[in-house]
Amino acid sequence: MGKKVALHNLGCKVNAYEVEAMQQLLEEAGYEIVPFEPGADVYLINTCTVTNIADRKSRQMLHKAKKMNPDAIVVATGCYAQADTEKLKEDTAVDLILGNNQKTQIVEALEEYEKEHAKQVQVIEINHTKEYEELSISSTAEHVRAYIKVQDGCNQFCTYCIIPFARGRVRSRKIEEVLSEVETLAAKGYKEVVLTGIHLSSYGVDFPKEERESLLSLIQAVSRVEGISRIRLGSLEPEEFLEGIVKTGKVCPHFHLSLQSGCNKTLKNMNRRYSAQEYAEKCELIRKFYPAPALTTDVIVGFPQETEEDFEETLDVVSKCGYDTAFTFLYSRRSGTPAAEMEQIPQDVAKERFNRLLALVQQEGRIRSSRFEGSVQEVLVEEESKEKGIFTGRTEYNLLVHFPGSADLLGKYVKVSLDECHGFYYMGSLVEE
């Protein structure tokens, strides 16, 4: 029996995908995957560095792993491992440091450690590489939906964000590699894919002119894969390709557009390259092609130098854009970023604004979600809930629906009447066809 490996992920969907890809490499090499509990021979933590809190959680999980088995090999990989390598070199809880663009080397790195039994560090200058690290999966923890990483890195350099320094510049995955992975998953019964990346709308900008592909050409290619009936976009800053994706007939009318602030002064301080007015126009452009889309967003409250008037402008944009869900965040001072050197606002002021924004988001979200009450929607059945006989699935608008059913429906599309709206989910009933 091979050595036992426990994996733990911190952070985004891209990180989660990379953990699944590393798990597959380890399984193929003969390692046994076990829960993140005492008793493993190897603990692998895919770290996050998006905030100082994420850094702290990453360190805590590394130390927790070493406490669970002091003789185990503790591996730190991912963004915190990349951004703060020097600190981890001094951390006695960590045996192996594997930076970004080095995850495909996990098996070889472990073998090297076993030979030397000395701390191993495999971290490259991430901003000096143009190579996309080719990770892939042939299955995933979800039964009907698969997240597919198609892009890495970011060229935006927002003033509050450390990610370009942890992930490097934009690097896109070749379409033929994406299609190979999607075809493998489709052959195993996966019906829905979510295309994701660090800055998805930058897909293709790094390709040579003679090989130039775009996010639209990638989506069109994926839409032609037999067996794939739904495509979702992990994030999006919409451009003029909306007409093209509508024509595929497979891109779900669910779009995530990061607002961050509805105040032009704050957006400029953030180095976000759009105005609040341009952002609102993009929302309207989506509604031109998709009459009733589900829109979600991210908003940061309490950014340095934000005044009450600035915050009121954000509330106004959030109200007018009509989001189904908004992910709200209190600004977190991130050392090493330009925003950390700006004039900070008091925490009690930021928290009071955060609570007001949250109340608005929840109110607007309930109103938006309830617009489907009484309608019949096509639902992809994902799993049986904890309550026996009640099954769960999602509409193309990403609405969660619970309804009575049977196990033979798993992985299938069914018509469901959305009978009762319960905020951000529905109780429904099957519609006989």
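User: Before we look at single residues, what does buried mean here, and what share of the 433 residues counts as buried?

Analyst: A residue is called buried when its relative accessible area is under 20%. In this predicted model, 54% of the 433 residues of the protein count as buried.

User: Why is Q120 called buried?

Analyst: The relative accessibility of Q120 is 15%, and the cut-off for buried is under 20%, so Q120 counts as buried. Q120 lies in strand β6, which covers residues 120-122, and, leaving aside neighbours within four places in sequence, Q120 is in contact with D95, L96, I97, E112 and Y113.

User: Why is Y31 counted as buried or exposed?

Analyst: Y31 has a relative accessibility of 14%, which is to be set against the limit of under 20%, and Y31 therefore counts as buried. Y31 lies in the loop between α1 (13-28) and β2 (32-34). Once its neighbours within four places in sequence are left aside, Y31 is in contact with K3, V5, L26 and L110.

User: How do you know where Y31 stands in relation to G2?

Analyst: Y31 and G2 are 29 residues apart along the chain, and their C-alpha atoms are separated by 4.7 Å.

User: What makes the radius of gyration of the protein agree with that of a compact globule?

Analyst: For 433 residues a compact globule would have a radius of gyration near 22 Å, and the protein has 22 Å, so the value agrees with the rule. Taken along the principal axes, the C-alpha atoms fill a box of roughly 65 × 60 × 50 Å. Among the contacts with a separation of 6 or more, 71% are accounted for by residues 24 or more positions apart.

User: What makes β14 and β17 a pair of strands?

Analyst: Pairing needs at least two bridges between two strands, and 5 bridges join strand β14 (residues 376-384) to strand β17 (residues 413-421), so β14 and β17 count as paired, and they run antiparallel. One of the bridge partners is Y413 in β17, which is matched with L380.

User: How do you know that β17 also pairs with β18, and how many residues lie between them in the hairpin?

Analyst: Here too 5 bridges join β17 to strand β18 (residues 425-430), with the strands running antiparallel, and E420 has M427 in β18 as its bridge partner. The hairpin that β17 and β18 form has 3 residues between the strands, and G423 in the turn has a positive phi of about 80 degrees.

Methods. Residues numbered from 1 in each chain as written. Predicted model: local features only at pLDDT ≥ 70, side-chain atom pairs only at ≥ 80, totals over all residues. Heavy atoms only, no water. Helix = DSSP H or I, 4+ residues; strand = E, 2+ residues; numbered from the N terminus. Buried < 20%, exposed > 50% of the residue type's maximum accessible area, 1.4 Å probe, protein only. Contact = heavy atoms within 4.5 Å. Rg over C-alpha atoms; globule rule 2.2 N^0.38 Å.
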